[in-house]
Amino acid sequence: MNRTGTGMLGCALLMGWVALGEAGFLDEVVKQGLGTPAAPPSGSNRPAAPASQESGQSPGLVDGLGGLIGVDRSKLDLVKKGLNTVRALQPIGIEEEVAIGRAIALEAFNRFGGEYVNPAMQKYLNLVGRTVAQFSDRPELGYRFAILNSDEENAFAAPGGYILVTRGLLRRVENEAQLAGVLAHEIAHVSRRHMLETIQRSALLSNASELTVSVMKQDPGMFRNLVGEVSDKLFTHGLDQSLEFDADAQGLRYLYMAGYNLPAYRGYLAGLQKRMGQSTSVFYSTHPSLASRLEKLDKELPRHAGGSKLPVLDGRLRKSLSFS
Amino acid sequence: MKRGVTLGAALVLLLGATLSTAWGGGVQYAKSTVTVTRDPSPLSAKVATVEAGAAVEVLKQDERNVQVKLPNGATGWANRFKFGSEKPAGASGGGDLLGALGGGGSVYAKESRSGGSIRGLREVSEDYARNQRLAGDPMASVERMERLQVNPDELLRFQEEGRVGEFAGGAK
């Protein structure tokens, strides 16, 4: 093995990727020429094991090309390790995302007073939310909105598009643009895969890169632990501050595209800051300081020309939200 | 080593240059399913429906609307925020390329979006609900949340009334 050989292998991989990747040809090469997966043992519920089980991996294109140009085994393993790390960073699939989101929504209903059942208000919430979600980074995801029967002022977003706001929050928003701003922030968490990123970082640490529905079904304990950890993060500790700032900035962008007044959202956060100390919402411990959020928001607002001229719709909010 | 790195960098530059000239200026991709209308208004006569990921040629745009030319030559207007310069993720397949390169691809094969895997995800969350004793009211609430439908016409009327969404800004 020599250094030029490693460089040549890198170039060959790059060219192979470009030329063959879209056609799915590489899969066929691996299946037919470089290693055929063995059938799983009878009664096993694990996926098919690779043929070269002793070495822990089935041979891939790296093995074939490396062998052809004389690159030694240890260097090949390093290249493969890097490739598998990159692969583990690939996004979690939509089915897995919805399964996790569904379980977190169950936890939210359980921890925050259950559902506030009011079909007319829920419909209004969905109309506002879907108006904003149309302009998100993942507009095709089926976003769903519901109300938690809690007087705490808070809102949550679970992967897969499950978005929950408390009765307490709905009592305190002053106009539809403020509500749309809160929903835009939550939609941004989903649309930008903030929770999934967080999960993936912890999944990488515990070597759980194969996060698929079939693995979740086979290992309910792993799924329970995952949902437990994510719920604690979401409901008790909060996401990383950088993700909250990103949700504010991107949410503001969605709000602008959806045509809602932008300073209204700033007004809501400023109101929340004033109410600090008067309420005991976990919101204050799970989010960055409101002063820092307002400071960053003030830098974002001028980027959206005409954002202050868009409607606030206070009358429609009052008409649509009536608490007994 | 330097020779290999230099050659690799040259190939990356060549690839980038090839891809950037493959599409001329003015080509954009639908981020989601988009209705294209004769005039810059969602209530104007429908010209076509553009699927997510489809490419259109942008002829002109204002603050909120864009005039596009479709592959069949027809032209019309749509909301400009529903198009972007990048093809949305998932608009085309590709397989597990990294798996193929590194080996063991079949072990990590992704679930397809078949009915089977949808049933799979329901089972996963229902098992979770049973184990955590959340199978009663919380599960009923999640199912109610999932069942709630919003009619597209109703959504459009809601937006028109509030001058938001498709009717925001100058859209009539």
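**Helix packing in chain A**

Colleague: Of the contacts in chain A with a separation of 6 or more, what percentage comes from residues 24 or more positions apart?

Modeller: This is a predicted model, in which local features need pLDDT of at least 70 and side-chain atom pairs count only at pLDDT 80 or more, while totals for chains, interfaces and linings use all residues. Residues are numbered from 1 along each chain as its sequence is written, chains are lettered from A and ligands numbered from 1 in the order in which they are written, and side-chain values use heavy atoms, with hydrogens and water left out. With contact meaning heavy atoms within 4.5 Å, the percentage that comes from residues 24 or more positions apart is 72%.

Colleague: How many helices and strands does chain A have?

Modeller: Both elements are DSSP runs numbered from the N terminus, helices being H or I over at least four residues and strands E over at least two. On that basis, chain A has 16 helices and three strands.

Colleague: Is α5(A) largely enclosed by the rest of the structure or largely open, and how many of its residues are buried?

Modeller: Helix α5 of chain A covers residues 94-111 and reaches 25 Å between its end C-alpha atoms, close to the 26 Å expected at 1.5 Å a residue, where the expected span is 1.5 Å times one less than the number of residues. Buried means under 20% relative accessible area, exposed over 50% and partly exposed in between, with a 1.4 Å probe and protein chains only. The helix is largely enclosed by the rest of the structure, because its buried residues number 15 of the 18.

Colleague: Why do α5(A) and α11(A) count as they do by angle, and which term applies?

Modeller: Axes are lines fitted to C-alpha atoms, for helices over the stretch in contact, with angles running from 0 to 180 degrees between N-to-C directions; those of α5(A) and α11(A) (residues 220-237) come within 10 Å and cross at roughly 55°. Angles under 35 degrees count as roughly parallel, over 145 as roughly antiparallel, 65 to 115 as roughly perpendicular and the rest as oblique. The crossing angle therefore makes α5(A), relative to α11(A), oblique.

Colleague: Which residues does R111(A) touch, not counting those up to four places away in sequence?

Modeller: R111(A) lies in helix α5 of chain A, and its 36% relative accessibility makes it partly exposed. Its C-alpha atom is separated by 8.9 Å from that of F235(A), although the two are 124 residues apart along the chain. Beyond the excluded neighbours, R111(A) touches S231(A), D232(A), F235(A) and T236(A).

Colleague: Which term describes how α6(A) and α5(B) lie to each other?

Modeller: Helix α6 of chain A (residues 119-133) packs at an angle of about 80° with helix α5 of chain B (residues 152-162), and their axes are 10 Å apart. Residues that meet there include Y124(A) and L127(A) on one side, with L155(B) and F158(B) on the other. The angle is therefore the reason why α6(A) and α5(B) are described as roughly perpendicular.

Colleague: Is L313(A) buried or exposed?

Modeller: L313(A) is not a glycine, yet it has a positive phi of about 55°, and its place is in the loop between α15 (290-300) and α16 (314-320) of chain A. Because its relative accessibility is 17%, L313(A) counts as buried.
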